[in-house]
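These are my notebook entries on a single model. I set down what I looked up, entry by entry.

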Amino acid sequence: MTTRLEGLLDGQLDRHSEVAAAMRAQLPQVQAVADELIRRLAAGGVLYTFGNGGSAADAQHLAGELIGRYLRERRPLPAVALIGDAAVVSCIANDYSYQDVFARQVTALVRPQDMVVGFSTSGTSPTVVKGLAAARANGACTVAFTSVRGQELADSADLAVVVPAEETARIQEMHVLALHLVSELVDRWAFDTPDNRKAL
């Protein structure tokens, strides 16, 4: 039994490594997301992000890396995870529809200079699809973190990071990798200020 379980776990690790290696093809997209986010933050924009379940955690993770820090001591950067306000989310879900929980917030808050990132492993989550559509209607830059299952969502966004896998666990693992790569590039930019350079 132990040997069988070890084989199962080894297989999971092997598949993780395989998908992670395949993510090299997505590095230009990751770079494009980071570059555009930097451009918008420099111009006074805000990052808004959302998702459901594990993807909600990814959205909060990305916002936390920007408001807190990734690796370096630098100024906090404006980011909002739209899943975090229980009163607002439950109000919209109760009074309208759960499918509207992100779109209604986006319509209220997002401006053309902002970036809106939706996480969806399947690419078909109605809340994420509607949220990104509302962001487009407001003139903001839209970004989809999805998978090969979500090509339609990716095609409808301005930018997309598409994980080359279909298993939810592997997709979520690569979304965390991608948001860390974006955070690394944004962190370096935010740290590279005249005051910080003097302190080096």
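**Aromatic pairs.** I looked for paired aromatic rings in this predicted model and found two such pairs in the structure. I then took up Phe50 and Phe102: the ring centres lie 4.7 Å apart and the planes meet at 15°, so I entered the pair as stacked, the cut-off being planes under 30 degrees apart. Next I looked up where the two residues sit. Phe50 belongs to strand 1, while Phe102 is in the loop between helix 4 (86-95) and helix 5 (103-109), so the pair ties together parts that are 52 residues apart in sequence.

**The sheet.** I turned to the sheet and asked in which order its strands run. I found an open sheet of five strands, ordered 2-1-3-4-5, with parallel pairing. I noted strand 2 (79-81) and strand 5 (159-163) as the edge strands, each of which pairs on one side only. From one strand to the next, I recorded an average twist of 15°.

**Strands 1 and 2.** I followed the pairing of strand 1 (residues 47-50) with strand 2, which is parallel and runs over three bridges. Within this part of the sheet, I located Thr49 opposite Ala81 of strand 2.

**Helices on the sheet.** I asked which strands helix 6 (residues 126-137) touches. Helix 6 packs on the sheet and touches strand 1, strand 3 (115-119) and strand 4 (141-147). I noted about 165° between the direction of helix 6 and that of strand 3. I then looked up helix 8 (residues 168-191), which also packs on the sheet, with strand 3, strand 4 and strand 5 as the strands touched. The direction of helix 8 makes about 140° with that of strand 4.

**Cavity.** I searched for enclosed space and found one cavity of 30 Å³ or more. For the largest cavity I recorded about 40 Å³ of space. I listed its lining as Val33, Leu37, Leu47, Leu62, Met115, Val117, Phe145 and Val182. By class, I entered eight nonpolar residues, no polar and no charged. Helix 2 (27-42) and strand 3 each contribute at least two residues to this lining.

Key:
Residues are numbered from 1 along each chain as its sequence is written. This is a predicted model: local features need pLDDT of at least 70, side-chain atom pairs count only at pLDDT 80 or more; totals for chains, interfaces and linings use all residues. Side-chain values use heavy atoms; hydrogens and water are left out. Two strands pair if DSSP finds at least two bridges between them. Helices (H or I, at least four residues) and strands (E, at least two) are DSSP runs, numbered from the N terminus. Axes are lines fitted to C-alpha atoms, for helices over the stretch in contact, and angles run from 0 to 180 degrees between N-to-C directions. Contact means heavy atoms within 4.5 Å. On a 1 Å grid over the protein atoms alone, a cavity is a set of points where a 1.4 Å probe fits but cannot get out, and a pocket is an open set with protein on both sides within 12 Å along at least five of seven lines; lining residues have an atom within 4 Å of a point. Grid points are joined across faces, edges and corners, and a volume is the space filled by probe spheres set on the points. Ala, Val, Leu, Ile, Met, Phe, Trp, Tyr, Cys and Pro count as nonpolar, Asp, Glu, Lys and Arg as charged, and the others, Gly among them, as polar. Rings of Phe, Tyr and Trp (its six-membered ring) pair if their centres lie within 6.5 Å; planes under 30 degrees apart count as stacked, over 60 as edge-to-face and the rest as tilted.
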